[in-house]
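Visitor: I would like a close look at a single part of this model, with its surroundings described carefully enough that I can follow each step on the screen.

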Amino acid sequence: MVARSLRVVLIAALAVGLFVGLAGQAGAHGADGTFTPIVSEPVEGRLGANLRVTLIFNNDTDPVDDAAVKVTPTGADGTTAAPVMLLKSPEPGTYEGVVPVNSPGTWTFAVTSEDPEAALDIVVNIPEPAPKTTPAPATTPATKAPDTVIAPPPAGVATSLVEPVAVDPTTATVDSATTAVDGSVVEQPASEENGFPWGIAVVVLVVAAAVVMVMAYAMRTGGGDPEAPNGPDTGPGPVAPDEAAPSPPPDGA
């Protein structure tokens with residue numbers, strides 16, 4: 001029973017000592033603090049200010065890491081924007097954030113803390129944001145019109161379009177058959193071979209033969225004397241055997 005009572009008294013003493021120690025520690029920092037501005041500048045392209053401050057206890061200059069830091073912006077005409085809570089940064093006793101405003105101009109940012117109690121006014125001139133530029137749309141290259149494709153004629157249908165045939169001018173001859181577009185063979189009349197005009201030569205030969213025949217016929221019918229109607233004069237013909245030659249006249253007749 002006595003041991004139990006001693007244990008209860010010991011626990012109570014420890015609790016009182018812990019409470020007194022914590023209270024003494026809290027009272028050692030004091031209730032007042034001080035803000036120090038580090039960054040106070042307008043945000044590029046926005047209506048707002050970028051703020052960064054530190055908070056310390058006044059009595060021992062220790063950083064305050066658990067304070068609730070609030071910023072209330074007020075314009076030159078008395079317009080008040082919505083308050084913003086600054087966030088704790090990794091550095092001891094440092095708080096930062098972006099505080100938006102309603103319009104360009106000179107704004108006063110009231111920074112406050114309740115525990116420890118501290119306050120600071122920061123004045124920032126907020127300019128008119130530059131207008132946003134819209135990037136030019138990417139140009140699309142002009143679409144090339146599709147090439148016109150001529151469909152080949154049906155198989156077996158002759159066409160006047162023939163494919164050129166590669167010919168060696170030194171050895172090759174002109175063939176009478178050429179290949180049509182659809183691959184079929186089209187017979188063409190062979191008018192020249194090795195570049196010689198055979199048509200003209202045939203006509204000349206025919207005309208020459210006709211002239212020779214006319215001259216032969218004329219010589220056979222007209223003789224050497226053109227005026228003799230019955231042919232050339234060949235003299236008296238041979239005497240027929242049944243005709244007696246005239247006797248010579250007698251002497252003295």
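Visitor: Which residue in β8 is the bridge partner of T108?

Guide: The bridge partner of T108 in β8 is V123. The model is a predicted one, and what follows should be read as a description of that prediction. The pairing of T108 with V123 belongs to a longer ladder, since strand β7 and strand β8, the latter covering residues 117–126, run antiparallel and are joined by ten bridges. Another of the bridge pairs between these strands is that of S113 with A118 in β8. The connection between β7 and β8 is a hairpin of two residues, and P116 lies in this loop. The peptide bond that joins D115 and P116 is cis, with an omega of about -5°.

On another side of the ladder comes strand β3, residues 70–75, which pairs with β7, residues 105–114, in the antiparallel sense over six bridges. Within that pairing, V71 stands opposite V111 of β7. Taken together, these strands belong to an open sheet of four strands in the order β4-β3-β7-β8, with antiparallel pairing. In this sheet β4 (84–85) and β8 stand at the edges, and because each has a single partner strand, one side of each is left without a neighbour in the sheet.

The model also holds a second sheet to set beside this one. An open sheet of four strands has the order β1-β2-β6-β5, again with antiparallel pairing. Here the edge strands are β1 (33–42) and β5 (87–88), each of which pairs on one side only. Strands β1 and β2 run antiparallel and are joined by nine bridges, and one of the bridge pairs links T34 to I56 in β2.

Side chains from both sheets meet in the largest nonpolar core, which has 24 residues, and the members that touch the most other members are F35, L51, Y95, F109, V111 and I122. The elements that give two or more residues to this core are β2 (48–57), β6 (94–100), β7 and β8. L51 offers a useful viewpoint, for, leaving out residues up to four places away in sequence, L51 touches V39, S40, V71, Y95, E96, G97, V99, F109, I122 and V124. The residue V71 in that list is the one that stands opposite V111 in β7.

Strand β6 can be followed a little further through T94, which is found in this strand. T94 is buried, as its relative accessible area of 4% shows against a limit of under 20% for that class. Apart from its neighbours within four places in sequence, T94 is in contact with I38, R52, V53, T54, L87, K88 and S89. One of these contacts, K88, also has its charged end over the ring of Y95, at 6.0 Å from the ring centre. As for pairs between aromatic rings, the count by the rule applied here comes to zero.

The loop between β2 and β3 deserves a separate look, and both N59 and T61 are found in it. N59 counts as partly exposed because its relative accessibility is 44%, which falls between the limits of 20% and 50%. N59 and G33 are 26 residues apart in sequence, yet their C-alpha atoms are 8.2 Å apart in space. T61 is exposed, with a relative accessible area of 52%, a value that passes the limit of over 50%. The backbone of T61 has a positive phi of about 55°, although T61 is not a glycine.

For the wider setting, the protein comes to two helices and twelve strands, and from the N terminus on its elements run α-β-β-β-β-β-β-β-β-β-β-β-β-α. Of its 253 residues, 16% count as buried. The accessible surface comes to about 19300 Å², and 63% of that surface belongs to carbon and sulfur atoms. Among contacts between residues at least 6 apart in sequence, 51% join residues at least 24 apart. To return to the starting point, T108 and V123 form one bridge pair of the antiparallel ladder between β7 and β8.

Key: Residues are numbered from 1 along each chain as its sequence is written. This is a predicted model: local features need pLDDT of at least 70, side-chain atom pairs count only at pLDDT 80 or more; totals for chains, interfaces and linings use all residues. Side-chain values use heavy atoms; hydrogens and water are left out. Rings of Phe, Tyr and Trp (its six-membered ring) pair if their centres lie within 6.5 Å; planes under 30 degrees apart count as stacked, over 60 as edge-to-face and the rest as tilted. A charge sits over a ring if NZ of Lys or CZ of Arg is within 6 Å of the ring centre and within 35 degrees of the ring normal. Two strands pair if DSSP finds at least two bridges between them. Buried means under 20% relative accessible area, exposed over 50%, partly exposed in between (1.4 Å probe, protein chains only). Contact means heavy atoms within 4.5 Å. Accessible areas come from the Shrake-Rupley method with a 1.4 Å probe; for residues, only the protein chains shown count as cover. A nonpolar core is a set of buried Ala, Val, Leu, Ile, Met, Phe, Trp, Tyr and Cys residues joined through side-chain atoms within 4.5 Å.
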